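Got your viewer open and ready? Let's take a short walk through this model, one selection at a time.

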Amino acid sequence: MGKWSLFLSALVIFALIGSGEAKAANIETNQIKYVLQGEARLFEGSYGYRITKDHDVQLKGFGTATEGGPSWGEFEIDIMVEDDDDLLVELFAPPVRDDDPNQVDLLTFPLKEGSVPLENQSFRNISIQKESNIVWHKVIAGSFMNKENAINREKYLESKSIDAFVVQTRIGNQVWYRVQAGAFTNRQSADTRLEEIKAIGIQDAYILF
């Protein structure tokens, strides 16, 4: 290995040392957009959803249908992912705790374009549409090799009323756990969120685009 190769290797190692992955890896990330539509019959129309892969949560959130139970209301969820292989959608009535494994009226199905041939007493007439790739500016509020550290960062953000979730990614042979706190098509909106995060003491946050 020549001196130049050794120098480049040293730069890579130096960039990966510390609380997060190399921030120089701010490359364009094409995300695939899915639009999930359906009908829900829930108290006050409130529902929750998660996107999982191999039992790891990739995305999560809550929403409200156009009408609350006992009427059926319409709902729509925009889902943005980088890799849509082997993803599952979970729809449920919101529990007392978000980490409660016994979700009420849980409905699980693959994230695939088309009509979903499943329903229960709370969800029906579900369809999924796949849209074109979009470039997003993702606000990363820390990236860790230790998953527990990432989860602690996520909880801290949520205690400050900033929605966040942990995304597992791989760079080379190393698995990283990124804490994502927003994704925006507009760079200015991403910059605003980044400033909010740094204002609560998280100085290693950055934008991945």
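Buried or exposed: which of these describes phenylalanine 75 and phenylalanine 123? Select both and look: phenylalanine 75 is buried, and phenylalanine 123 is buried too. Keep in mind as you go that this is a predicted model.

**Stop one: the aromatic rings**

Keep those two on screen and add tyrosine 47. You now have the cluster that ring pairs build from Tyr47, Phe75 and Phe123. The structure holds two aromatic pairs. Start with tyrosine 47 and phenylalanine 75: their ring centres are 5.0 Å apart and their planes meet at 45°, so this pair is tilted. Now colour by strand. Tyrosine 47 belongs to β2 (residues 46–53) and phenylalanine 75 to β4 (residues 73–81), so the pair links distant parts of the chain, with the two positions 28 residues apart.

How accessible are these two? Tyrosine 47 has 4% relative accessibility and counts as buried, because the cut-off for buried is under 20%. Phenylalanine 75 also has a relative accessible area of 4% and is buried.

Next, swing over to phenylalanine 75 and phenylalanine 123. This aromatic pair is edge-to-face, 6.1 Å centre to centre and with 80° between the planes. Here, too, distant parts of the chain are linked: phenylalanine 75 is in β4 and phenylalanine 123 is in β8 (residues 123–130), 48 residues apart.

**Stop two: a charge over a ring**

Select arginine 124 and tryptophan 72. The charged end of arginine 124 sits over the ring of tryptophan 72, 4.1 Å from the ring's centre.

**Stop three: an open sheet**

Switch to cartoon view and pick out β3, β2, β5 and β6. In that order they make an open sheet of four strands with antiparallel pairing. Look at the edges: β3 (56–64) and β6 (104–110) each have a single partner strand, so one side of each has no neighbour in the sheet. Direction ignored, neighbouring strands here are turned by 20° against each other on average.

Zoom in on β2 and β5 (residues 88–93). They run antiparallel and are joined by five bridges. To see one spot where they face each other, select glycine 48, which stands opposite phenylalanine 92 in β5.

**Last stop: the largest pocket**

Turn on a surface. The largest pocket holds about 980 Å³ of space. Of its 35 lining residues, the closest to the centre are Gln58, Leu59, Phe165, Val167 and Gln180. Which strands should you light up around it? β2, β3, β4, β10 (137–144), β11 (165–171) and β12 (174–184) each supply at least two residues of the lining.

Notes: Residues numbered from 1 in each chain as written. Predicted model: local features only at pLDDT ≥ 70, side-chain atom pairs only at ≥ 80, totals over all residues. Heavy atoms only, no water. Phe/Tyr/Trp six-rings, centres within 6.5 Å; stacked < 30°, edge-to-face > 60°. Buried < 20%, exposed > 50% of the residue type's maximum accessible area, 1.4 Å probe, protein only. Lys NZ or Arg CZ within 6 Å of the ring centre and 35° of its normal. Pairing = 2+ DSSP bridges. Axes fitted to C-alpha atoms, helices over the stretch in contact; angles between N-to-C directions. 1 Å grid on protein atoms, 1.4 Å probe; cavity = no way out; pocket = protein on both sides within 12 Å on 5 of 7 lines; lining within 4 Å. Points joined across faces, edges and corners; volume = space filled by probe spheres on them.
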